[in-house]
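Got the model open in a viewer? Here's a quick tour you can follow as you turn it around.

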Amino acid sequence: MTDPYTIRAIEAQDLQAMLALLPQLADFQVPERRDPLDLWQSDAQLLGEVIAGAATLSFADVIVDSANRPHGLVLITLREELMSHAPSAHLEAIVVSPEKRGKGLGQKLLQHAEEAAAQRGARSLSLHVFSNNLRARGLYDQAGYDSELIRAIKWFD
């Protein structure tokens, strides 16, 4: 049986559907002092810049069904690795529509993101994930990501 899903570069006609998906990035128990909008609004802005051709170091790809309907996306920025400064990429966002979760689309998108970043010269792919975002952490753990850093924050009242 052939895979009914393919991955392609985002197109202008995909933008509204993908913008509607981005709030799913906050679909977990967001830490108390965090505004869920902050988890995806900058990604929405970057996605618009990618579509407009204004974000030359970023790209976005969508996973589509056989009718070319998008059901998820990856948004990636090419940049130096934090410590070694080697060519790298950063996974800004990965999201799958709720009705398609559990079908392996996230795994396909993540694998694609890795391959696409490597083809563009990156030697690694980094990402940020909240510690209590268990669904996302499970995806990254399964794919072999090393949670090597802990980011700590102290709020001043």
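Below is a short briefing on the sheet, the helices and the salt bridges.

Keep in mind that this is a predicted model. Its five strands make an open sheet with mixed pairing, helices α2 and α3 lie across strands of that sheet, and the salt bridges number seven.

**The sheet**

- Trace the strands across the sheet and you'll read them off as β1-β2-β3-β4-β5.
- The edges belong to β1 (6–9) and β5 (125–127). Each of these two has a single partner strand, so one side of each has no neighbour in the sheet.
- Going from one strand to the next, the twist averages 30 degrees.
- β1 and β2 (residues 58–64) run antiparallel, and four bridges join them.
- For a spot to zoom in on, try Arg-8: its bridge partner in β2 is Val-62.

**Helices across the sheet**

- Helix α2 (residues 41–52) lies across β2, β3 (70–80) and β4 (87–96). Its direction is at about 85 degrees to β3.
- Helix α3 (residues 105–119) lies across β1, β2, β3, β4 and β5. Compare its direction with β4 and you get an angle of about 160 degrees.

**A closer look at α2**

- Does the length of α2 add up? With 12 residues at 1.5 Å a residue, α2 should span 16 Å, and its end C-alpha atoms sit 17 Å apart, which agrees.
- Which residues of α2 are buried? They are Asp-43, Ala-44, Leu-46, Leu-47 and Val-50.
- Looking down the axis of α2, you'd find those buried residues within an arc of 165 degrees, so they line one face of the helix.
- Here's the general idea behind that pattern: an α-helix has 3.6 residues a turn, so residues three or four places apart point the same way.
- Flip to the other side of α2 and you'll meet Gln-45 and Ala-52, which are exposed.
- What covers the buried residues of α2? The cover includes α1 (15–21), β2, β3 and β4.
- Just past the end of α2 comes Gly-53, with a positive phi of about 80 degrees.

**Salt bridges**

- Back at Arg-8, its side chain meets that of Glu-11 in a salt bridge, at 3.8 Å from N to O.
- Is Arg-8 buried or exposed? Arg-8 has a relative accessible area of 16%, and buried means under 20%, so it counts as buried.
- Glu-11, on the other hand, is partly exposed, with a relative accessible area of 30%.
- This pair has company: Arg-8, Glu-11 and Asp-14 are linked in a network of salt bridges.
- Another salt bridge joins Arg-135 and Asp-27, whose closest N and O atoms are 3.7 Å apart.
- That pair links distant parts of the chain, with the two residues 108 residues apart. Arg-135 is in helix α4 (residues 134–142), while Asp-27 is in the loop between α1 and α2.
- Both partners are partly exposed: Arg-135 has a relative accessible area of 45%, and Asp-27 comes in at 35%.
- Finally, look for Asp-65 and Arg-69, which form a salt bridge with their closest N and O atoms 2.9 Å apart. Asp-65 has 10% relative accessibility and counts as buried.

Note on methods: Residues are numbered from 1 along each chain as its sequence is written. This is a predicted model: local features need pLDDT of at least 70, side-chain atom pairs count only at pLDDT 80 or more; totals for chains, interfaces and linings use all residues. Side-chain values use heavy atoms; hydrogens and water are left out. Two strands pair if DSSP finds at least two bridges between them. Axes are lines fitted to C-alpha atoms, for helices over the stretch in contact, and angles run from 0 to 180 degrees between N-to-C directions. Contact means heavy atoms within 4.5 Å. The expected span of a helix is 1.5 Å times one less than its number of residues. Buried means under 20% relative accessible area, exposed over 50%, partly exposed in between (1.4 Å probe, protein chains only). The arc is that of the directions from the helix axis to the C-beta atoms. A salt bridge is a side-chain nitrogen of Lys or Arg within 4 Å of a carboxyl oxygen of Asp or Glu.
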